[in-house]
Amino acid sequence: MGQLVGFLVNGLTLGAIYALIALSYTMVYGIMKLINFAYSGLFTLDAYAAIWGLGVVGISNGTNAVGLVALGVLLLAVAIAAVAAGVSGVVVERLAYRPLRSAPLLALLISALGVSLVIQNGIEATAGSAPKFLPDVLGGTALRVDNARITVLQIVIIGVSVTLMGGLWLVVNRTSFGLQIRATADRFMTARLMGIRTDRVIALVFFLGSALGGAAGVLYAIYYGTATFTMGYIPSIKAFTAAVLGGIGSIPGAVLGGLLLGVVESLAAGYSGALTNGKVGANYQDVIAFLLLIGVLTMRPTGLLGERVTR
Amino acid sequence: MRIPRRVSAGAALPLICIAAVLVAGCGSSSSSSDKGPIKIGWSGPLTTAEAYFGSTGLKGAQLAAKEVHLTGKLAGRKVELVPLDDAGDPAQAVTVAKRFTSDGVVAVIGPIDSGPMLAAGPIYARVGIPTTTTGSNPDIISRGFPNLVQLIANDQRQGGAMAQYAKAAGVRSVAVFNDPQSFGQGVASSFAAAAPAQGITVTGDTALSTNTQDYTSAVNQTLPKHPDAIYFGGAVTPGGLLCRQARAAGFTGLFMGPDGVYDPAFIKGCGSAVGNVAVSFQAPPYDSGGPVTQFAQRYRAAYGSDPGPYSTYGYDQLGFLVAAIDRAQTTDHAAVVKAMRQITYDGPLGAVKVDARGALVDGPLFIYRVTSGRFAFVREVK
């Protein structure tokens, strides 16, 4: 029983990170029908920005922080990353997507791929290809449930992610900006006709989405302690598929999809070896997770909560 | 009747340019002339996480190239090392191999890692170019490439040595993990095969997914069986992640690894809770005295930095090739390949000679522990 709880918490932690990135993808897709591949680069960029920022403030690998100080470090890193991310997201939108606004969607897609490659290789060129390491934050402290160990870091990550998602929900559903976003996501042209400045709305969506993705990047890096220039690639692909699983364009769908994917991966890694007597090992976790995804999509092609894309 | 289209000048021009380049390319000399420098290729990781192993290994080889005139071999000809980055990636190693075999180098210091070596092996073998490698997977020898020599103790010895150490440390059960690459899988199964003979139970051999950094669930699955130790077969980055996540999950036993994790980045990746870690490696510490320390001093004098884990192996490989070319008295591939099986080369780590299959005879092997954030020497494996 304890082991199951452990797997669930592992899954929810990783799932929360996937959910944040999935939210970035879903918001941009809902408004522009663009799969913003640049997020894989931005995810990495912001982890590096946070490491650099922390280094400037004097905290680097080797600092062993505990308790409230550690929590402060973590939140500081997330804040640095989120701001850096938001700004980079808006810059990317201006440079790579706005000129192509009236071009076919395929052109936008290729531009997005190009941006992600540029960012990734730019990071490699400036920061080097060897991995960077992060300070140990809250690593040692843990709770025991039965025979599973739940670290405080995991709980903090889930907490921070939930707070960010809650913040996003508030912005989208309770502010006038949010109203504009929802209107543009519903009917693009009509929103413009009604006087909504869609350019600004798109910039805001990019800022919010990138901030979430960036926060996810730094949480991911802190959780694993290591950051490499290719670290964004696979989590971004998984997060995008999670967004599709939940229903692309739907904010609750992205959250649901991300959490579900994380939990399924974790359970698959945890139980597959035991259930099949070692034949199907933990390295098949992605196969199992994606088989499930295919299954869900064949039965419900618009995703679990249905898609909400602008028309 | 169809009117044949005339080829316009605009279309012909690019074709002429391409033809000119091809002709010029074909004209490049294969082997060096009798008096010019002898070109030896070097394939290894100069980028990515393995860059530390690669770049310091290259410097060792470059030091040997500089010192060739001191050995009196090759009748005064210089050695020119041609390094190309294979990023520790099998696909890129194949590209590098194709370049070397078409550019016409005399010999190649082949990929450091087993995966790239196995991938590039057939290409070097097809041309018969003398090749050395420090890829330690035994498959490299069992493939039977006649032009290849493996100048490092292989993984069966590494796995066996670690099993012996584990038994001496009082370990009775081990959970084995591997990153599913040629090297990692090979050395993990060597260990798993050697453990029962030492009276150690292997509770399971788990392959870690390459698509994720999250091994927490895989680790939590093995912990209920209460293994005394974990053996990880694989490279630095997954090793560091696994060590860190195993400690976070509450594992306090011995963590063991092969030469692939003998890198300060592994200790950093573990984080502050490194705990009990033992690693096997094929070179002694640089301050252990004798030829190794002298080598380290010359290296520092030449480069102003400390030698890396494989610097002596880079040095040995070049020295071995030079000795073979000298023995053959020619740069002809077949003659040098034959000479490689005949010579004994004296390097900083001792005598280097290979058996008929191309495997190193009596390669040195040592055990290290991690103490205070650094690798500390324990003993040599006899």
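**View 1. Strands β6 and β7 of chain B run side by side in this predicted model.** Strand β6(B), residues 173-178, is joined to β7(B) by six bridges, and the two run parallel. To find your place along the pair, look for Val176(B): its bridge partner in β7(B) is Asp205(B).

**View 2. Helices α7 and α8 of chain B pack on the sheet that holds this strand pair.** Helix α7(B), residues 155-168, touches β8 (229-233), β9 (254-257), β10 (277-281), β13 (366-371) and β14 of chain B. The direction of α7(B) makes about 145° with that of β10(B). Helix α8(B), residues 182-194, touches β6, β7, β8 and β9 of chain B. Its direction makes about 165° with that of β6(B).

**View 3. Here is the seven-stranded sheet of chain B from edge to edge.** Reading across, the strand order is β7-β6-β8-β9-β10-β13-β14. The sheet is open, and its pairing is mixed. Which strands stand at the edges? They are β7(B) and β14(B), the latter spanning residues 374-380. Each has a single partner strand, so one side of each is left without a neighbour in the sheet. On average, neighbouring strands are turned by 25° against each other, direction ignored.

**View 4. A five-stranded open sheet of chain B has parallel pairing.** Its order is β2-β1-β3-β4-β5. At the edges you will find β2(B), residues 79-85, and β5(B), residues 148-150. Because each of these has a single partner strand, one side of each lacks a neighbour in the sheet. The average turn between neighbouring strands of this sheet is 20°, direction ignored.

**View 5. Strand β1 and helix α5 of chain B give a closer look at the five-stranded sheet.** Seven bridges link β1(B), residues 38-44, to β2(B), and these strands run parallel. Gly44(B) stands opposite Asp85(B) in β2(B). Helix α5(B), residues 114-127, lies across β1, β3 (107-109), β4 (131-133) and β5 of chain B. Relative to β4(B), the helix runs at about 170°.

**View 6. Chain B meets chain A.** On the B side 31 residues are in contact with 34 residues of chain A. The area buried between the two chains is about 2,600 Å², and carbon and sulfur atoms give 47% of that area. Three residues are worth picking out: Gln213(B), Gln221(B) and Arg244(B) supply 22% of the area that chain B buries against chain A, more than any other three residues.

**View 7. The side of chain B that touches chain A draws on several helices and a strand.** Here β7 (201-207), α9 (216-222), α10 (236-248) and α11 (264-270) of chain B each supply at least two residues. The largest share, six residues, comes from α10(B). By class, this side of chain B has ten nonpolar, 17 polar and four charged residues. How many salt bridges cross the interface of chain B and chain A? The rule finds zero. Polar contacts between chain B and chain A, counted where both residues have pLDDT 80 or more, come to six residue pairs.

How values were computed: Residues numbered from 1 in each chain as written. Chains lettered and ligands numbered in written order. Predicted model: local features only at pLDDT ≥ 70, side-chain atom pairs only at ≥ 80, totals over all residues. Heavy atoms only, no water. Contact = heavy atoms within 4.5 Å. Buried area = accessible area lost by both parts, 1.4 Å probe. Salt bridge = Lys/Arg side-chain N within 4 Å of Asp/Glu carboxyl O. Polar contact = N/O pair within 3.5 Å; in protein donor to acceptor, adjacent residues only side chain to side chain. Helix = DSSP H or I, 4+ residues; strand = E, 2+ residues; numbered from the N terminus. Nonpolar A, V, L, I, M, F, W, Y, C, P; charged D, E, K, R; others polar. Pairing = 2+ DSSP bridges. Axes fitted to C-alpha atoms, helices over the stretch in contact; angles between N-to-C directions.
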